[in-house]
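Reader: I am new to this structure. Could you walk me through it and tell me how each label is earned?

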Amino acid sequence: LAPSLQGMKGKEGTDHYESYEVVAVDLPGHGHSDHKSWDGPNVVLAESCWYVSEILHQLGWISSSSSSTTSDTSSSTTTTTTTTHVCLVGHSMGGAISLMYAATFPEHVSKLILLESWGPLSKPSGAVTNCIRKHIEKRQKYYNMNMNNMNKKNTNKKVYPSIEAAVAARLHTVTLFPGNQTLSPKAAHEMVLRATTTTTTTTTTKDDDDDDGRIVFRHDARLQWPSILFMTDAQVESLHSAIRCPVLVILGENGYPMDPTRVERIHTHYYHSSSSTSSSTSHSNDNNNNKTKEGDEEQLRVVTLPGSHHLHADPATADRVVECITKFVL
C-alpha cells in the first residue's frame, strides 16, 4: 500500500510550524479515495502528477491566468502563475511523484522532502517490451475474471476474519520486500485501520451472509499490477537535474536498498551552488549544520536515521523524522 502524498503551505510573514497548512492526499485507488474506472489509465506513475496539479489549484495554493494576443501574422499566449510557499513531502511512491512534479513545475515548489525515496524506480531501456507485455497479460487475466463485476470495488479480494488477522498479513508483507525491512505492530495496526473496510460496505468474492463484519483492504488491486512503463536511469537523472528548490532526503538505516552507483550519479545533478569548488550536497546521520563547507546553502541534504522503510510511521523512530522535517521547513 503506497503512503499518502503530502503538501505543506507556509503563510507569508510567519516562521512557526503551526503556521503551515498540511494536506495529506489519498491518490486514486489509495486510502478512502475512489478507484479509477475500468478503462482509465492504470499504473502509470507520471499520471499522478496531474492530481497533484489539480489539488494545488483547487486548494488555491497555485493560481494561473492566461492572456492571448492575436494579429494577422501571429498569435501568442502568456500564462501568469502565482504560487504560495509549497513544500511537497512524499514517502516511497509518493516521493517519486513529488520529485516528478517538482522537476516539471519548479516554480510551484519551494522545498521538496523525500522519505525513503530517490524518485521513480527505473529499468534498462531494453526492458520496455517485457514491461508492456507483463502488464497487458495481467490486465487481461484480471478483466476476464471480473467481467461481471466491472462496476464494483474490491472484487475477488481476500477476506480477513478480524483486524488482527489483517495486521498480521501486513506485517508478513514487509518480510517479502528487498533488504532487511521491518515494521512495528503498532504502526501496522494504524495503517490497517485506515486501509481496510468491512464486507458489509463492499463486495467480495463471497456471498455468504456470515461474512458480514469481516475485513478487506480498500486499495485498488490494480495498483499491484506490474507497471506498463518504467523510466530509464537517464530519465530519472534528468528529473533530478531539473530540481531547483532545496531537497531533503531522509533514509532509514534498514530501508529499501538502493544501488549505490545510481545514488552517486543522482548526487552529481545537485552541484548547482554558486561556488564551482563547493558541493551542494551533504550527508548526515543526524541533524548537523545545514551548510556546505564553503558557506553556501546546500541544495541537497541527505539524512540517514535509525529505522526501516516506514520510519516516519513507527513510534520508535517517527519523532526523529519530524524533527528533521521541521528544521528543514523552518
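Author: Happily! Keep in mind that this is a predicted model. Let's begin with Asn130, which lies in helix α3, residues 128-145.

Reader: Why is Asn130 called partly exposed?

Author: Its relative accessibility is 40%. Buried means under 20% and exposed means over 50%, so Asn130, at 40%, counts as partly exposed. Asn130 also has a partner for comparing sequence and space: Asn130 and Leu229 are 99 residues apart in sequence, and their C-alpha atoms are 9.7 Å apart.

Reader: What makes Ser48 buried?

Author: Ser48 has a relative accessible area of 12%. The cut-off for buried is under 20%, therefore Ser48 is buried. Ser48 lies in helix α1, and, not counting residues up to four places away in sequence, Ser48 touches Leu27 and Ile97.

Reader: Why is α1 called roughly perpendicular to α2?

Author: The axes of α1 (residues 48-59) and α2 (residues 93-104) cross at roughly 70 degrees and come within 9 Å. Angles of 65 to 115 degrees count as roughly perpendicular, so α1 is roughly perpendicular to α2. The crossing of α1 past α2 is right-handed.

Reader: Which residues meet where α1 and α2 are in contact?

Author: From α1 come Ser48, Cys49, Val52, Ser53 and Leu56, and they meet Ile97, Met100 and Tyr101 of α2. Six residues of this contact are nonpolar, two are polar and none is charged.

Reader: What makes a group of residues a nonpolar core?

Author: Its members are buried residues of certain nonpolar kinds, and they are joined through side-chain atoms within 4.5 Å. The largest such core here has 30 residues. Tyr101, Leu112, Trp118, Ile243, Val247 and Val249 have the most contacts inside this core. At least two residues each come from α1, β5 (85-91), α2, β6 (111-115), β9 (247-254), α7 (260-267) and β11 (300-308). The largest share, six residues, is supplied by α2.

Reader: Which residues does Leu112 contact, leaving aside its neighbours within four places in sequence?

Author: Leu112 is in contact with Leu88, Ser98, Leu99, Ala102, Ile243, Cys245, Pro246, Val247, Leu248 and Phe328. Phe328 also belongs to a second, separate core of 15 residues, which includes Cys87, Val303 and Val321 as well.

Reader: Why would nonpolar side chains be found buried together?

Author: That is a general tendency of nonpolar side chains in soluble globular proteins.

Terms used: Residues numbered from 1 in each chain as written. Predicted model: local features only at pLDDT ≥ 70, side-chain atom pairs only at ≥ 80, totals over all residues. Heavy atoms only, no water. Axes fitted to C-alpha atoms, helices over the stretch in contact; angles between N-to-C directions. Helix = DSSP H or I, 4+ residues; strand = E, 2+ residues; numbered from the N terminus. Parallel < 35°, antiparallel > 145°, perpendicular 65-115°, else oblique. Left-handed = near helix turned anticlockwise from the far one by under 90°. Contact = heavy atoms within 4.5 Å. Nonpolar A, V, L, I, M, F, W, Y, C, P; charged D, E, K, R; others polar. Buried < 20%, exposed > 50% of the residue type's maximum accessible area, 1.4 Å probe, protein only.
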